[in-house]
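Please open the model in your viewer and keep the sequence panel beside it, so that each selection can be followed in both. The tour moves from one residue or strand to the next, with a stop at a pocket before the end.

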Amino acid sequence: MSRRSFLNQITRCLAIVALATTFQNSFAEEKVVEVNVFGAGSLEVPASFKKVAPKSSIIEHEFQAKTGEGKEGETARVTFMAAGGDVKANIQRWKGQFAGGKAEDQKVEEMKLGNWQVYIVDVNGSFAERMGGGPFAGGKVINRENYAMAGAILVHPEGRKYFVKMIGPAAVVKANRKSFVSMIKSINE
């Protein structure tokens, strides 16, 4: 075998290894992530939700949900955090962050998943996003038109509460709602 043939074979082998590694890495990126909830259950986050750094210190985990609809690059925030307070008061607060929207799309669904009491909340319209002050403090408010939220309150058998919310452009939330609900229902699996 000539030196040139040998180098060509090496080059082909390296190209095949590089291609196989790229192919394998593309599947590795699609791994499902699990979020632990009080050590009593876990949520299987869809592989299509991409993990990002939380924008706030009170958020335990944050992901981005995306869709091909609308403007390129539009995403919805998917946040996870332990929280407190009355369930109905929190639902009313979430609804109060939105104005307008289609009445038929504003709903609350209550379900029992194993030992967990779960509330799934859908709201849409103009979203009053607080910048820097949190939900109970001041801070600049930016109105985001044509936004939506799919939110969930998971109540642990001992009464502890866990919030999961997906907020963003209505088209993005709508396209990812089924995956969001499947994730919430995974708490009992």
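Begin by selecting lysine 161 and displaying what surrounds it: apart from residues up to four places away in sequence, lysine 161 touches Phe38, Ala82, Ala83, Gly84, Gly85, Val87, Ile153, Leu154 and Val155. Bear in mind throughout that this is a predicted model. Lysine 161 belongs to strand β10, which covers residues 161-169. Is lysine 161 buried or exposed? Its relative accessibility is 17%, and lysine 161 therefore counts as buried, since the cut-off for buried is under 20% relative accessible area. Now show the side chain and look for the backbone oxygen of glycine 159, which the side chain of lysine 161 reaches at 3.3 Å. For a longer step along the chain, select valine 118 as well: 43 residues separate it from lysine 161 in sequence, while the two C-alpha atoms are 9.6 Å apart.

Stay with β10 and add its partner strand to the selection. β5 and β10 are paired in the antiparallel sense, with 7 bridges between them. To see one position in this pairing, pick threonine 79, which stands opposite lysine 165 in β10.

Next, bring in strand β4, residues 61-66, which runs antiparallel to strand β5, residues 75-83, and is joined to it by 6 bridges. Which residue of β5 is the bridge partner of glutamine 64? Selecting arginine 77 gives the partner in question.

Within strand β4, move to glutamate 62. Glutamate 62 has a relative accessibility of 1% and so counts as buried. Its side chain reaches the backbone nitrogen of lysine 55 at 3.0 Å, and Lys55 is also one of the residues in contact with glutamate 62 once neighbours within four places in sequence are left aside. The other contacts counted in that way include Lys50, Lys51, Val52, Ala53 and Pro54, together with Arg77, Val78 and Thr79.

Proline 46 is the next selection, and it is found in the loop between β2 (41-45) and β3 (50-52). With a relative accessible area of 16%, proline 46 is buried. If neighbours within four places in sequence are set aside, the contacts of proline 46 are with Ser179 and Met183. Measure from C-alpha to C-alpha in the viewer, and proline 46 and methionine 183 should come out 6.8 Å apart in space, although their positions lie 137 residues apart in sequence.

Now turn to the second largest pocket, which holds about 420 Å³ of space. Its lining is made up of 20 residues, and to centre the view you can select Asp105, Asn124, Ala148, Ala170 and Lys174, which lie nearest the centre of the pocket. The elements that contribute two or more residues to this lining are β8 (116-131), β9 (140-155) and α3 (170-185). Colouring the lining of the second largest pocket by residue class will show 8 nonpolar, 4 polar and 8 charged residues.

Finish at arginine 130, which is found in strand β8. Arginine 130 has a relative accessibility of 41% and so counts as partly exposed. Select isoleucine 142 alongside it for a last distance: arginine 130 and isoleucine 142 are 12 residues apart in sequence, and their C-alpha atoms lie 6.5 Å apart in space.

Note on methods: Residues numbered from 1 in each chain as written. Predicted model: local features only at pLDDT ≥ 70, side-chain atom pairs only at ≥ 80, totals over all residues. Heavy atoms only, no water. Helix = DSSP H or I, 4+ residues; strand = E, 2+ residues; numbered from the N terminus. Buried < 20%, exposed > 50% of the residue type's maximum accessible area, 1.4 Å probe, protein only. Contact = heavy atoms within 4.5 Å. 1 Å grid on protein atoms, 1.4 Å probe; cavity = no way out; pocket = protein on both sides within 12 Å on 5 of 7 lines; lining within 4 Å. Points joined across faces, edges and corners; volume = space filled by probe spheres on them. Nonpolar A, V, L, I, M, F, W, Y, C, P; charged D, E, K, R; others polar. Polar contact = N/O pair within 3.5 Å; in protein donor to acceptor, adjacent residues only side chain to side chain. Pairing = 2+ DSSP bridges.
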